[in-house]
Amino acid sequence: MLLDDVMERIMRQTLEALLFEGIISAAEEGLTWTFEGRASNEDTIRYTCKAQRKASFGRVKVEKHSIRREDKPSVDLYRFVEEVIVNRLNGAYVPQFVSELFETLAKDHQSKLHEAERIPIADRHYDALESYMAEGHPYHPSYKSRLGFSLMDNFAYGPEFNQKIALQWIAVHEWLIDVSVSRGVTSEELYADHLTDEDRQTFKDILTISGCEAEHYVFMPVHPWQMEDRIPTLFVEQLANKDIIVLGGSRSSYRAQQSIRTLSRRDKQDASYIKLALSITNTSTSRILAHHTTQNAPLISDWLQRIIRNDSLLTKLRFQVLRETMGLSLRYQNLSSIAYGSAYGTLGAIFRENVSLHLDSNETAWPLNAVTLTQQNGESFIQSAIDQHGIERWSDALIRSVVLPIIHLLYAHGIALESHAQNIILVLENELPMRIIVKDLHDSVRYVPSQLLHPEWAPVLNPEPETHRKFNRYSFLQTDQVSEVRDYTYDAFFFICMTELCFTLEKCGLGEQQFWSKCSDTILRYQQEHPQYQERFELFDLFSGDGRIEEMTKRRIYGDSELYFRTAPNPLRLAAGVTR
């Protein structure tokens, strides 16, 4: 049954995170691991599973359908959560964490009921594939919680259901809105991607009927769920005094990308994508859009674009970014302090370049996490590509394409990207990896200003407000700690992204040790070819034994009062034979 499969995944993935982060312990006897639960009468309950501590950062992988309670062949998810989590853990946020697990159960089961057996060949391209990336986070236990969505909302707006979405619009008075636009782009050009002449005229007529002068208002797109569930109550005063005017939907139809809050236009293939504020929580993050991120987005994109254009290796690798060309946000500081607290981040948008602008006619693009996708019929999405090119050639091409630009940005430029698989687009020719494009840049870079290769190029950014730092202490762009820059790449890219690629390719015949040897060889070869960065190799040491990994599950259970990190065996270090 599909429900049983979802329950088993949640239980297994939760157990893997609990064991890896040391939240619970287990006695290991070969592949048999024993751990304890606690019954409601305080009796100790014996649980076992088949598990391995992998060479990839010591990640724990539990064998499917191997979890046993008191040696019985089946385990009930509800009893597992009660005995292993609720009755054992003392974290302040345990009830919320449990709620997220069962929200994930309901929404992933709903997703499985609508999942295609196999992705059609015609849909093996970026925009369509975004709707098939239904697996969610490969590590986080509550990988599809979407707190705030009902099941009806989930069906209407979840990317895997591929429903037609009508983008909503409001007009905001100029005194209450900030707009940031990339160099060489105009807001008029960006609006033209999404609003027809008829749309614009309708909106202007609404403003005129409302007694407002259109030239003093800025159009802002709003997610339809946000329009229905948040805007009417959060902005009663602004709606009443006509600082905000509801305009209704535009004529175009949209589809949700896998991030849920980013929409792509269906009937205009090169139209910019729009990322919207959405007051839901998914995995470990609220999906609002902070003011400073919207205003920094074009600045960061222009900065990275300048670096790429002036870097011979990045040019040779044909590395690119999807520039975020316009950011819109309410000026929340113009609200009362009470209104500020409840409304912050709930109205905003970021316009992002369409991937088609960066593809040649012989190229196709996949979300990188398509590589790890197992279709409902059990077939790996990449099986046909592996069959065509062979595992050695294909994996070599993949690792080189993905690793080189990421480490070059780190070593040469001192810039780390939060490059998990959802933020990387793999470009292929004849299904062979050739290069990557990265996206989602507005709050996904980290650097020490003094360690940049060209510090004079760095943008003057809008700072994070103190309230934002208190809410998410790990959300910042600039730091004075070099280790925090290195670890940003080490954690998001190697620990999550590359490890999941490793586990997938292992199923296709590439050994885990072989994978990490290919990664370390790629880095070492780069270092040999670029001796001018020798000091940077030591500064941003990817072969170190002290790289820190964020403990995401501890954060969900114990809260954000402190940062939770751990060190783990570094597979790059082990593969390279580094002993220092």
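# Questions on a predicted model

Q: In which strand of this predicted model does Thr 325 lie?
A: The model is predicted, and its residues 324-330 form a strand. Thr 325 falls within that stretch, and the strand that holds Thr 325 is β15.

Q: Is Thr 325 buried or exposed, and which residues away from it in sequence is it in contact with?
A: A residue counts as buried when its relative accessible area is under 20%, and because Thr 325 has a relative accessibility of 3%, Thr 325 is buried. Leaving aside neighbours within four places in sequence, the residues in contact with Thr 325 are Ser 180, Val 181, Ser 182, Val 185, Leu 190, Pro 298, Phe 351 and Glu 353.

Q: What is the order of the strands in the open sheet of eight strands?
A: The eight strands of this open sheet are joined by antiparallel pairing. Read across the sheet, the order is β7-β15-β16-β11-β10-β9-β6-β8.

Q: Which strands stand at the edges of that sheet, and how many degrees does the twist average from one strand to the next?
A: An edge strand has a single partner strand, so one side of it is left without a neighbour in the sheet, and this holds for β7 (177-181) and β8 (217-222). From one strand to the next, the twist averages 25°.

Q: Which helix packs on the sheet by touching β6, β8 and β9?
A: The helix in question makes about 160° with the direction of β9, and it touches β6 (165-173) and β8 as well as β9. The helix is made of residues 197-209 and is α7.

Q: Which helix lies across β7, β15 and β16?
A: This helix covers residues 291-309 and runs at about 160° to β15. The helix lying across β7, β15 and β16 is α11.

Q: Which residues of β11 are buried on each side of the strand?
A: Strand β11 (residues 273-276) has both of its faces covered. On one side the buried residues are Tyr 273 and Lys 275, and on the other side they are Ile 274 and Leu 276.

Q: Which residues stand opposite Ile 274 in the pairings of β11 with β10 and β16?
A: Strand β10 (residues 262-265) pairs with β11 in the antiparallel sense over two bridges, while four bridges join β11 to the antiparallel strand β16 (residues 348-352). In the pairing with β10, Ile 274 stands opposite Leu 263, and in β16 the residue opposite Ile 274 is Phe 351.

Q: What is the order of the strands in the open sheet of four strands, and which of them stand at the edges?
A: The pairing in this sheet is mixed, and the order is β14-β20-β19-β17. Each edge strand has a single partner strand, so one side of each is left without a neighbour, and the edge strands are β14 (320-321) and β17 (364-367).

Q: How many bridges pair β19 with β20, and which residue of β20 is the bridge partner of Ile 424?
A: Strand β19 (residues 424-429) and strand β20 (residues 432-438) pair in the antiparallel sense over six bridges. Within β20, the bridge partner of Ile 424 is Val 438.

Q: Where in α15 does a kink lie?
A: Helix α15 (residues 391-413) lies across β17, β19 and β20, at about 20° to β20, and 19 of its 23 residues are buried. Its 23 residues should span 33 Å at 1.5 Å a residue, and the distance of 32 Å between its end C-alpha atoms agrees with this. The kink, of about 25°, comes shortly before the proline Pro 405 and lies at Val 403.

Q: What are the phi values of Asp 71 and Lys 242?
A: Most residues other than glycine have a negative phi. Asp 71, in the loop between β5 (68-69) and α2 (77-86), is exposed at 57% relative accessibility, whereas Lys 242, in the loop between α10 (236-240) and β9 (244-256), is partly exposed at 36%. Neither is a glycine, yet phi is positive in both, at about 65° for Asp 71 and near 70° for Lys 242.

Q: How many disulfides does the structure hold?
A: Among the cysteines, Cys 49 is buried at 1% relative accessibility, and Cys 212 is buried with a relative accessible area of 10%. The number of disulfides in the structure is zero.

Conventions:
Residues are numbered from 1 along each chain as its sequence is written. This is a predicted model: local features need pLDDT of at least 70, side-chain atom pairs count only at pLDDT 80 or more; totals for chains, interfaces and linings use all residues. Side-chain values use heavy atoms; hydrogens and water are left out. A disulfide is a pair of cysteine sulfur atoms within 2.5 Å. Buried means under 20% relative accessible area, exposed over 50%, partly exposed in between (1.4 Å probe, protein chains only). Two strands pair if DSSP finds at least two bridges between them. Contact means heavy atoms within 4.5 Å. Axes are lines fitted to C-alpha atoms, for helices over the stretch in contact, and angles run from 0 to 180 degrees between N-to-C directions. The expected span of a helix is 1.5 Å times one less than its number of residues. The bend at a residue is the angle between axes fitted to the seven residues ending there and the seven starting there.
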